[in-house]
Amino acid sequence: MKLFKTLLPAAALIALPVMGMAQEAEAAAPTMDEVGPYIFTTLLFLMAGFLVFFMAAGFAMLEAGLVRSKNVAMQLTKNIALFSIAAIMYWLIGFNTMYPGDFNGFFAIGGQTVLDAVGVSAADAALDYASVGSDFFFQLVFVAATASIVSGAVAERIKLWPFLAFVVVLTGLMYPISGSWQWGGGWLSEMGFSDFAGSTVVHSVGGWAALAGVIVLGPRIGKYKDGRVNPIPGSNLALATLGTFILWLGWFGFNGGSQLAMGTVGDVSDVSRIFANTNMAAAAGSVTALILTQILYKKVDLTMVLNGALAGLVSITAEPLAPTLFGALWIGAVGGVIVVFAIPFLDKLKIDDVVGAIPVHLFAGIWGTIAVIFYGDASLMTQLTGIVAYGVFTFVGSLILWFILKATMGIRVSEEEEINGLDMAELGMEAYPEFSKG
């Protein structure tokens, strides 16, 4: 006991510097107020990114359901391949091309994406935003959605490898360059153009690229004959409906994640507001198409109802935060009207869009971008400038690229291969082999 009493003061003297160092370290450590926004915004990007990634399955199911059974395996192959190519190209040059730092010119080709260091400390992290990995992943799933739009429109007559070559350029260069004009702090952003989650930056870009593709490809055999439009029913409306619901679900991440922050009460509340408006617009687009097809055709057209929901979603994407629920309702309803009238309009022009991607993503995307003026701060002239800039750049660039691919590789399968189906012609396998003839 005497020895213990003798050693105790000495131990206390040794412990004092250690305690002091611990207190200094604790004082130097970032508080939750400092790291909280970084942590929660990173979490928002990851959760929203997972939802938008699931949209790849939605596009695949929608397209598989709306093409004929002899082309289903081809559509599924294109969708998984395009997502994978987009992931590689966006890492290689796309992300840093779209977000070039302080550069504010027309475009600057970026280099490879570099993630934060393993176990990065709070002192070395960009606490004013989110982790590089979460930001990169969230933006990546958007570019893949753009390529999926093209896939559905050019279905049932395009060769696999020329299509994938187009995806390489679209996801690696075209989309990131035009995206930098708005989301990368470029000239359109400086002008005051507003596109919250991508009615134009994502959806109309996919629509313009798809329009150029179907023009160069031409319509499917038998679609337009003797002055008539011959409907070509899809193989599985159950799959198409499932795909639509998956896209609807993914859109909560698409629009909600575009709040780009979840570190405050206001941010979280705004994300919930975006969710509610997104859902309302989809519902309104669907119901509008439901009623209109009953009035016009005396029967409801399920494919129109599905595309009506998607058009409502595209319409609200340019500004899902500011409108009231009623505002979201009427904006989405106009999207539903656009689809019902635009699909037969394209048929009159003999523009064969297999899944209705151009009315949904291009026409409704243009409408949604204009609708921003009713609730946002942007002017009509500024919004129209952005619409025209994206249209000219993407449509002309895509048209040139499609013609180059047509001249070098050939983009359309032969008449015999188209009649027999792309599953066997391009892949040598079928999605439904038990039901094939012969």
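A residue is taken as buried when its relative accessible area is under 20%, as exposed when it is over 50%, and as partly exposed in between. The structure described here is a predicted model, and these classes are applied to it throughout. With a relative accessible area of 25%, Arg 412 is therefore partly exposed. Its side chain meets that of Glu 418 in a salt bridge, with an N to O distance of 2.8 Å. Glu 418, by contrast, has a relative accessible area of 3% and is therefore buried.

At the level of the whole chain, the fold comprises 15 helices and two strands. The C-alpha trace extends over about 110 × 50 × 45 Å along its principal axes. Of the 438 residues, 51% count as buried. Among contacts with a separation of 6 or more, 80% are made by residues 24 or more positions apart. The chain exposes about 19200 Å², of which 70% is supplied by carbon and sulfur atoms. Its charged side chains number 19 positive and 30 negative, and the centres of these two sets lie 15 Å apart.

The structure holds four salt bridges. One of them joins the side chains of Glu 156 and Arg 68, at 3.1 Å from N to O. This pair links distant parts of the chain, 88 residues apart: Glu 156 belongs to the loop between α4 (132-153) and α5, and Arg 68 to the loop between α2 (32-66) and α3 (72-98). Glu 156 has a relative accessibility of 1% and so counts as buried. The side chain of Glu 156 also meets that of Arg 220 in a salt bridge, with an N to O distance of 2.4 Å. Here too the pair links distant parts of the chain, since Arg 220 is placed in the loop between α7 (199-217) and β1 (224-225), 64 residues from Glu 156. Arg 220 is likewise buried, because its relative accessible area is 4%. Arg 68, Glu 156 and Arg 220 are linked with Asp 352 in a network of salt bridges.

A second long-range association involves helix α5 (residues 160-182), in which Ser 180 is placed. Ser 180 has a relative accessible area of 4% and is therefore buried. Its C-alpha atom is separated by 7.5 Å from that of Pro 100, although the two residues are 80 residues apart along the chain. Beyond its neighbours within four places in sequence, Ser 180 is in contact with Thr 97, Met 98, Pro 100, Phe 106, Gly 185 and Gly 186.

Helix α9 presents both buried and accessible positions. Thr 293 lies in this helix and is buried, as its relative accessible area is 0%. Apart from neighbours within four places in sequence, the contacts of Thr 293 are Lys 298, Lys 299, Val 300, Asp 301, Met 304 and Val 340. Val 287 is also found in α9, but at 43% relative accessibility it counts as partly exposed. Val 287 contributes to a nonpolar patch on the surface, together with Leu 290, Ile 291, Ile 295, Leu 296, Tyr 297, Val 300, Val 337 and Phe 341. The combined accessible area of these residues is about 770 Å². At least two residues of the patch are supplied by each of α9 (265-297) and α11 (325-348). Helix α9 provides the largest share, with six residues.

Two loop residues were examined for their backbone conformation. Most residues other than glycine have a negative phi. Asp 226, however, has a positive phi near 55° and is not a glycine. Asp 226 is found in the loop between β1 and β2 (228-229), and its relative accessibility of 70% means that it counts as exposed. A positive phi of about 60° also occurs at Lys 350, again a residue other than glycine. Lys 350 is placed in the loop between α11 and α12 (357-371). With a relative accessible area of 51%, Lys 350 is exposed, since the class begins over 50%.

Note on methods
Residues are numbered from 1 along each chain as its sequence is written. Side-chain values use heavy atoms; hydrogens and water are left out. Patches are made of residues with over 30% relative accessible area and no salt bridge: like charges are joined within 9 Å, nonpolar side chains (Val, Leu, Ile, Met, Phe, Trp, Tyr) within 5 Å. Accessible areas come from the Shrake-Rupley method with a 1.4 Å probe; for residues, only the protein chains shown count as cover. Helices (H or I, at least four residues) and strands (E, at least two) are DSSP runs, numbered from the N terminus. Buried means under 20% relative accessible area, exposed over 50%, partly exposed in between (1.4 Å probe, protein chains only). Contact means heavy atoms within 4.5 Å. Lys and Arg count as positive and Asp and Glu as negative; His and the chain ends are not counted. The place of a charge is taken as NZ of Lys, CZ of Arg, CG of Asp or CD of Glu.
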